[in-house]
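Please work through the following exercises with the sequence and the model open side by side, and try each task before reading its solution.

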Amino acid sequence: MSGTKFVLALLIAAAAVFGAARLIGNAYVFFAGYVVLQYIALATAWNILGGYTGYVNFGTAAFFALGAYTTVVLHKLTSLPLPLMMPIGGIVSGIVGLGTGYLTLRLRGAFFSIATLAMAVVAQTLITNWDFVGGARGAYIVRPAQAWLFGIDYIQYLFLVMLALVVIVLAAARGIERSRLGYGFATIRDDEVAAEASGVPTLRLKLLATTLSGAFMGMAGAPLPYYVTYLDPTSGFSLAYAVNGVAMPLVGGTSSWLGPVIGAVLLGTLQQVATVTISSALNLLIVGLMLVGFVIVAPNGILGLLRFGRGRARA
Amino acid sequence: MEMSFDLLGNAVVSGLLLGGFYAAVTIGVTISFGMLDIVNIAHPAFIILGSYIAYIANTTWGIDPILAAVIALPAFYALGAAVYQVYYVAFERRGDEALRGLAFFFGLLFITEVTLVLVFGVDYRLVEAPYIGPSLHLGIVDLPLRLLVPFMVALVMVSGLQLFMSHSFLGRAILAVAQDPLALRLMAADPTRIKRVAFALSIATTSLAGAVLIVIQPVEPSIGRDYIGRVFAICVLGGMGSFAGTLVAAMALGIVESLTSTFYGPSWSPAVAFGFLLVTLAVRPAGIFGR
């Protein structure tokens with residue numbers, strides 16, 4: 001499938017999802033669906049760095065929360081519409097990604113991972129001590145009753161915005177996968193020294209991947225304040241985002257754009273159901289157990305299992 | 001703010017004591033990450049587990065927390081050996097430690113934390129012991145015993161491990177596996193077995209580290225995460241595999257943190273450790289004693 005056709009297919013799928021949600025007509029569908037879509041965007045963004053280049057980012061929550069807090073700042077200072085705030089949130093998170101990468105990507109991969117954990121705590125401390133965005137008390141956001149563009153219900157509007165972001169992120173991820181850039185990333189993942197020796201500009205590619213991945217996470221976080229209407233550092237920087245960001249791609253499979261989508265839909269839906277029926281602490285435990293179980297037993301995730309099954313059926 | 005000499009002196013002394021405690025927390029990472037190249041980011045989770053074991057022993061049977069930790073040492077050693085076995089079979093042997101091995105430890109960290117939350121809730125827990133409360137007074141300097149005792153425990157632990165590493169056959173084999181596993185194999189020693197012993201030892205230290213943690217401050221399941229940055233910052237700054245370096249770096253961080261929280265307020269102190277780590281990685285990734 002060519003790039004254009006893929007984007008068209010994505011748009012049709014997105015329209016179908018939105019249409020189906022409208023048909024059900026229950027506000028809860030939009031509330032829950034928004035979270036699942038947000039996780040698709042986050043997992044795919046994580047995979048651009050983690051799956052394609054092999055560098056593990058534990059700071060998903062920080063990139064995500066920085067996008068959200070950018071919105072808080074913009075909301076207080078300006079009256080920009082949300083679709084314009086999202087790229088700005090993306091730029092902020094992208095710059096933070098670039099900075100973290102610049103400091104640590106010349107070292108071994110483990111240092112980058114540890115640094116992202118560290119960055120998350122530094123960012124959370126800064127936000128907690130910054131009174132303008134509410135500090136530790138958190139910030140209230142009054143959302144408009146009606147959406148800026150279509151005059152539809154606000155939660156439906158948020159759902160639509162997130163759906164659009166998912167289309168963009170998936171198109172970008174698949175585009176990267178099939179381009180020279182993607183092959184460059186793959187050489188880094190498979191053998192960085194050999195890649196460097198054959199003239200692949202590894203540091204530049206790694207920085208590009210980190211920046212892109214961070215920017216998409218920031219964009220995914222930008223609508224959050226309008227969704228929750230009350231944002232405090234503990235919930236914005238919640239470890240749930242960090243763990244889901246890692247678990248979803250690894251459970252789904254990191255080798256292709258489809259993996260994070262499968263992982264996010266599966267784990268995201270599971271958590272939505274479990275939060276309602278059991279408890280929110282227990283559903284995080286399920287995510288953790290699935291992460292550990294999958295990396296031990298099925299290192300290539302669900303995609304790997306599917307391919308393995310297909311391979312055996314043919315043989 | 002007027003900087004009073006009393007305040008400064010006390011901040012430095014309590015920073016030193018805190019640094020000793022940080023050395024106890026880090027020494028396991030110095031072994032696993034510094035020597036064995038295993039990026040065990042779940043290390044702080046095991047420490048919190050140690051704190052809760054000490055808490056249970058202290059509240060149910062009234063056992064001294066540090067004594068309880070000593071009793072629990074073999075159990076933690078066995079736990080460490082088991083974790084290494086899984087890690088070796090699932091990741092190290094496949095050459096897959098970079099991405100999935102890291103995710104594995106991240107998952108362990110998370111599972112431990114959530115399980116503790118489910119069992120004990122998010123309330124702060126604390127222990128009782130005769131040395132929690134009173135202080136020694138030396139001139140203008142106060143020495144709270146709840147910091148002094150962990151400091152002593154840390155010194156005993158670090159010097160014990162140093163003696164073990166430099167004087168026993170097994171200890172030297174661990175140092176050797178850190179330098180060159182292939183050469184060790186050529187000497188007819190099994191690097192995997194030696195790494196298992198060393199990793200088990202690193203987890204055993206978390207029993208004691210957890211006990212002194214809960215002596216110093218009340219513990220709840222998520223505070224382990226605050227220690228990830230600290231332990232790795234200290235380990236890197238101390239030159240990765242060096243015990244002496246770990247001790248010096250831990251004290252440096254302890255003093256900086258104590259000064260920050262005295263003069264700027266305690267809400268900034270987590271950022272200090274992580275800032276320390278980022279600066280170390282950016283400026284001097286080989287550590288203060290590195291070559």
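The exercises below concern a predicted model, and they go from the chains to their helix pairs, a hairpin and the contact between the chains.

**Exercise 1.** Describe the make-up of chain A and decide how its radius of gyration compares with what the globule rule gives.

*Solution.* Begin with the secondary structure, where chain A shows 15 helices together with two strands. Next take the radius of gyration, which is 19 Å for chain A and close to the 20 Å that the globule rule gives for 315 residues, so chain A is as compact as a globular protein of that length. Finally, the extents of the C-alpha trace of chain A along its principal axes are about 55 × 45 × 40 Å.

**Exercise 2.** Do the equivalent for chain B, adding the order in which helices and strands follow one another along the sequence.

*Solution.* Counting elements gives eleven helices and two strands for chain B, and reading along the sequence gives the pattern α-α-α-α-β-β-α-α-α-α-α-α-α. The radius of gyration of chain B is 19 Å, close to the 19 Å from the globule rule for 291 residues, and chain B is therefore as compact as a globular protein of that length. Along the principal axes, the C-alpha trace of chain B spans about 60 × 45 × 35 Å.

**Exercise 3.** Characterise the packing of α2(A) against α6(A), and then that of α13(A) against α14(A), by angle, distance and handedness.

*Solution.* Two packed helices are described by the angle between their axes and the distance between the axes. For the pair formed by α2 (residues 27-53) and α6 (residues 154-177) of chain A, the packing angle is about 20° and the axes are 9 Å apart. Because angles under 35 degrees count as roughly parallel, α2(A) is roughly parallel to α6(A). The crossing of α2(A) and α6(A) is left-handed, and the residues of their contact comprise 21 nonpolar, five polar and no charged.

Turning to α13 (residues 258-277) of chain A, its packing against α14(A) has an angle of about 155°, with the axes 8 Å apart. Because this angle is over 145 degrees, α13(A) is roughly antiparallel to α14(A). The crossing of α13(A) and α14(A) is right-handed. On the α13(A) side the contact includes Leu267(A), Leu270(A) and Ala274(A), and on the α14(A) side it includes Leu282(A), Ile286(A) and Met290(A). By class, the contact of α13(A) with α14(A) holds seven nonpolar, four polar and no charged residues.

**Exercise 4.** Determine how α1(B) crosses α5(B), and which residues meet there.

*Solution.* The axes of α1 (residues 5-35) and α5 (residues 145-167) of chain B come within 8 Å and cross at roughly 45°, which means that α1(B) is oblique to α5(B). The crossing of α1(B) and α5(B) is left-handed. Among the residues that α1(B) brings to the contact are Leu17(B), Phe21(B) and Ile27(B), while those of α5(B) include Phe151(B), Met157(B) and Leu161(B). The contact of α1(B) with α5(B) divides into 16 nonpolar, two polar and no charged residues.

**Exercise 5.** Analyse the hairpin of chain B: in which sense do β1(B) and β2(B) pair, and which residue between them takes a positive phi?

*Solution.* Strand β1 (residues 135-138) and strand β2 (residues 141-144) of chain B pair in the antiparallel sense, over four bridges. Within this pairing, Leu138(B) stands opposite Val141(B) in β2(B). Two residues lie between the strands of the hairpin, and Gly139(B) takes a positive phi near 60°.

**Exercise 6.** Dissect the contact between the two chains, naming the element of chain A that gives the most to it.

*Solution.* First, the contact draws 35 residues from chain A and 34 residues from chain B. Second, the elements of chain A that give two or more residues to the side touching chain B are α4 (82-104), α5 (109-128), α12 (239-252) and α14 (280-297). Of these, α5(A) gives the most, with 13 residues. Third, the side of chain A that touches chain B consists of 26 nonpolar, nine polar and no charged residues.

Methods:
Residues numbered from 1 in each chain as written. Chains lettered and ligands numbered in written order. Predicted model: local features only at pLDDT ≥ 70, side-chain atom pairs only at ≥ 80, totals over all residues. Pairing = 2+ DSSP bridges. Contact = placed C-beta atoms within 7 Å. Nonpolar A, V, L, I, M, F, W, Y, C, P; charged D, E, K, R; others polar. Axes fitted to C-alpha atoms, helices over the stretch in contact; angles between N-to-C directions. Parallel < 35°, antiparallel > 145°, perpendicular 65-115°, else oblique. Left-handed = near helix turned anticlockwise from the far one by under 90°. Rg over C-alpha atoms; globule rule 2.2 N^0.38 Å.
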